[in-house]
Amino acid sequence: YSGRLPEDIKGSSIPEMPSPMFKAGVNCIGCHYKDEAENGGFSGHTQKASEQACLKCHGEKFKATWNHVKEDVRGSLKKLAAKIEAAKGELAESARPEGELKKARQALARALRLVQFLGVAHGEHNIYLASIIMREADRSLGETGRALDFEFADISADPLISGSYCATQC
């Protein structure tokens, strides 16, 4: 992943950050080289990522790393999604002044867009950028809570959201 972000995702707190693999000159086919047996009836050639790609370059010490990274991203996104749903519910029930509701809606919309982007972009392509984007989504949800005068569940200790992920991977 080159680190290029859609214009509506960019922000002062989200840098353009190419993944270490991209910076090392590894292109898509470096990981996506396994033929996809089932392509949903679409024509063309589909390549699927495989753990074997990690092992062929990094050796056995990277066994299961790819699956762990995908599971970590999925787990953190699930926590953010739960917080988004709670924010939607609180927003729907809130009797706060319109100005505060507008701030809450805008912050919630930003968080939702960031989480949707990571779901589509597959955060495991660039785990470090994914961590920054998740932290920004959680920050936006905090803004939503402040505008609604409501305290949502604190998920800031999650390694990907806290920014401590590298320490758990390295």
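Here are a few worked exercises on the model shown above.

This is a predicted model, where local features need pLDDT of at least 70, side-chain atom pairs count only at pLDDT 80 or more, and totals for chains, interfaces and linings use all residues. Residues are numbered from 1 along each chain as its sequence is written, and side-chain values use heavy atoms, with hydrogens and water left out.

**Exercise 1. Check the span of helix H3, then list its buried residues.**

Step 1: helices (H or I, at least four residues) are DSSP runs, numbered from the N terminus. H3 covers residues 65-93, which is 29 residues.

Step 2: the expected span is 1.5 Å times one less than the number of residues. For H3 that comes to 42 Å, and the end C-alpha atoms are 42 Å apart, so the two agree.

Step 3: buried means under 20% relative accessible area, exposed over 50%, and partly exposed in between (1.4 Å probe, protein chains only). The buried residues of H3 are Thr65, Val69, Val73, Ser76, Leu77, Leu80, Lys83, Ile84, Ala87 and Leu91.

**Exercise 2. Do the same for H5, and look at what follows H5.**

Step 1: H5 has 22 residues and reaches 31 Å from first C-alpha to last, close to the expected 32 Å.

Step 2: H5 is mostly covered, with 16 of its 22 residues buried.

Step 3: just after H5, Asp149 has a positive phi of about 55°. Asp149 sits in the loop between H5 and helix H6 (159-162), and counts as exposed at 61% relative accessibility.

Step 4: compare His122, in the loop between helix H4 (98-121) and helix H5 (127-148). Phi of His122 is near 60°, again positive in a residue other than glycine, and His122 is partly exposed at 42%. For background, most residues other than glycine have a negative phi.

**Exercise 3. Which helices feed the largest nonpolar core?**

Step 1: a nonpolar core is a set of buried Ala, Val, Leu, Ile, Met, Phe, Trp, Tyr and Cys residues joined through side-chain atoms within 4.5 Å. The largest one has 33 residues, and Ile14, Leu80, Ile133 and Met134 have the most contacts inside it.

Step 2: H3, H4, H5 and H6 each supply at least two residues of this core. H5 gives the most, with 10 residues.

Step 3: zoom in on Met134. Counting contacts as heavy atoms within 4.5 Å, and skipping residues up to four places away in sequence, Met134 touches Val73, Ser76, Leu77, Leu80, Leu118, Leu160 and Ile161.

**Exercise 4. Describe the second largest pocket and the place of Asp138 in its lining.**

Step 1: on a 1 Å grid over the protein atoms alone, a pocket is an open set of points where a 1.4 Å probe fits, with protein on both sides within 12 Å along at least five of seven lines; lining residues have an atom within 4 Å of a point. Grid points are joined across faces, edges and corners, and a volume is the space filled by probe spheres set on the points. Here the volume is about 160 Å³.

Step 2: the lining includes Lys83, Asp138, Arg146, Glu151 and Asp154. H5 supplies the largest share, five residues. The lining divides into four nonpolar, three polar and five charged residues.

Step 3: Asp138 lies in H5 and counts as buried at 11% relative accessibility. Among the residues Asp138 touches, beyond four places away in sequence, are Leu80 and Lys83.

Key. Nonpolar A, V, L, I, M, F, W, Y, C, P; charged D, E, K, R; others polar.
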